[in-house]
Amino acid sequence: MVPSDDMPGRIPYNRPHVVGRELEYIARAIQSGNAGGDGEFTKRCETLLQDRFGIERVLLTNSCTASLEIAMLLCDLEPGDEVLLPSFAYVSAANAVVRAGGRPVFVDIREDTLNIDEELLEAAVTERTRAVIVIHYAGVAAEMDRIQDVARRRDLFVAEDAAQAVNASYRSRALGSIGDVGCFSFHETKNFHCGQGGALCINRSELIPRASFIRHRGTNRQEMLDGRVARYEWVALGSAYALSEIQAAFLLAQLEEMESLSAARSDRVGRYRAKLEPLEREGFLRLPHVPAHCRSNDHLLHLVLPSPEIREGLRRHLVERAISAVTHFEPLHSSPYAIEHGFLRSKLPVTDRVSARILRVPLFYELSADEIERVVGEIAAFFHARG
């Protein structure tokens with residue numbers, strides 16, 4: 001039996017949180033007469049993110065997907081140009097490449113962090129390679145020093161897909177602030193949210209004007225709003241990528257509570273780890289690995305199980321007991337679209353092996369200690385019943 005969303009006692013995988021001032025700010029945005037976007041709340045969110053993370057310019061967007069699409073348009077890809085990225089990823093990254101006219105080339109991931117394997121990167125570069133999309137899985141950084149080194153030597157554009165990594169860092173540098181651009185998500189499943197939203201983090205000043213044009217449907221509307229031109233015109237290829245002011249108002253309330261929200265999430269992951277580590281020592285599962293030079297934002301807690309069969313058995317065990325447990329990315333290289341268009345160039349054994357064995361457990365702001373105890377208790381019961 002699969003529990004319904006309204007089943008009493010059900011523990012959902014995620015429950016979007018409200019921290020206090022969202023409705024107040026939304027009312028102010030409506031009263032301002034500018035609900036469409038690029039008003040007070042958009043500017044305050046962008047400034048907060050720029051200042052906190054040391055980013056040259058932040059542009060709020062309507063999704064991380066939109067930010068990735070802008071990033072790939074900035075690359076000026078031509079037919080046959082290639083972009084390297086992991087296959088263990090959400091489809092938005094690959095879609096952005098294809099929509100911009102490029103061809104995704106998939107690189108395998110590391111066994112420990114599940115991020116793109118930096119040691120395989122250079123061998124995947126060809127004369128047609130133009131960019132790399134780095135995905136920081138579960139809020140744990142990919143090895144950006146090595147990736148940036150390859151990119152500099154091979155003249156590659158680096159886009160950080162930091163959808164899961166807002167307020168995480170690599171060697172004390174905020175994720176999203178290291179590559180040429182970074183892409184954030186504020187979807188309701190993320191640590192800080194506005195239902196659906198994102199941000200483009202621009203770390204090279206020369207990219208700012210064109211990124212703004214693309215975000216404003218290909219027009220120089222922002223220049224008109226700033227008083228630099230009398231009227232705006234169509235100056236580039238673009239689309240409607242801006243976030244509404246109502247969503248920005250909701251988001252600001254969340255971002256202002258970044259420290260408390262992060263502490264609460266860290267507390268819950270710490271409780272899980274303390275209770276699951278004995279099972280890890282017994283070889284029943286593997287917990288996420290966070291290298292010492294990385295600071296995770298505790299976006300999600302995933303278990304790597306010994307086999308696909310055990311993963312499915314544990315998933316069913318939890319679901320039947322009204323605990324939501326979900327798998328994660330299906331490898332892009334084995335998807336019907338990728339196969340149809342011949343995007344796979346080499347074998348990806350780690351991606352194939354690990355993606356079939358991942359299970360994510362409930363993690364959200366209001367998750368109680370008793371609920372964590374219940375989830376862990378059922379995980380332990382499953383394994384101990386197997387003997």
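This tour visits selected salt bridges and cysteines in a predicted model.

**Stop 1: the charged pairs as a whole**

Select the side chains of Lys, Arg, Asp and Glu to begin. The structure holds 36 salt bridges. Three of them are visited individually below, together with one network.

**Stop 2: Glu40 and Arg44**

Select helix H2, which spans residues 40-53, and display the side chains of Glu40 and Arg44. These two residues form a salt bridge, and their closest N and O atoms are 3.0 Å apart. Their positions in helix H2 differ by four residues, so about one helical turn separates them. Both ends of the bridge are partly exposed: Arg44 has a relative accessible area of 30%, and Glu40 has a relative accessible area of 39%.

**Stop 3: the network around this pair**

Keep Glu40 and Arg44 displayed and add Arg21, Glu24, Arg28 and Glu256 to the selection. Salt bridges link these six residues, Arg21, Glu24, Arg28, Glu40, Arg44 and Glu256, in a network.

**Stop 4: Arg146 and Asp149**

Move next to helix H6, residues 144-154. Here Asp149 forms a salt bridge with Arg146, with the closest N and O atoms 3.5 Å apart. The two residues are three apart in helix H6, and therefore lie about one helical turn from each other. Asp149 is partly exposed at 27% relative accessibility, as is Arg146 at 26%.

**Stop 5: Asp76 and Arg210**

Which parts of the chain does the next pair link? Select Asp76 and Arg210, whose side chains meet in a salt bridge with an N to O distance of 2.8 Å. The pair links distant parts of the chain, 134 residues apart: Asp76 is in the loop between helix H3 (64-73) and strand S2 (82-86), whereas Arg210 is in helix H7 (residues 208-215). Asp76 is partly exposed, with a relative accessible area of 48%. Arg210 is also partly exposed, with a relative accessible area of 30%.

**Stop 6: the cysteines**

Finally, select the cysteine sulfur atoms. How many disulfides are there? The count comes to zero disulfides. Cys45 is in no disulfide, and its nearest cysteine sulfur, that of Cys194, is 7.9 Å away; a disulfide would require the two sulfur atoms to be within 2.5 Å. Cys45 counts as buried, at 0% relative accessibility. For Cys75, the nearest cysteine sulfur is that of Cys183, 10 Å away, and Cys75 is likewise in no disulfide. Cys75 counts as buried too, at 16% relative accessibility.

How values were computed
Residues numbered from 1 in each chain as written. Predicted model: local features only at pLDDT ≥ 70, side-chain atom pairs only at ≥ 80, totals over all residues. Heavy atoms only, no water. Salt bridge = Lys/Arg side-chain N within 4 Å of Asp/Glu carboxyl O. Buried < 20%, exposed > 50% of the residue type's maximum accessible area, 1.4 Å probe, protein only.
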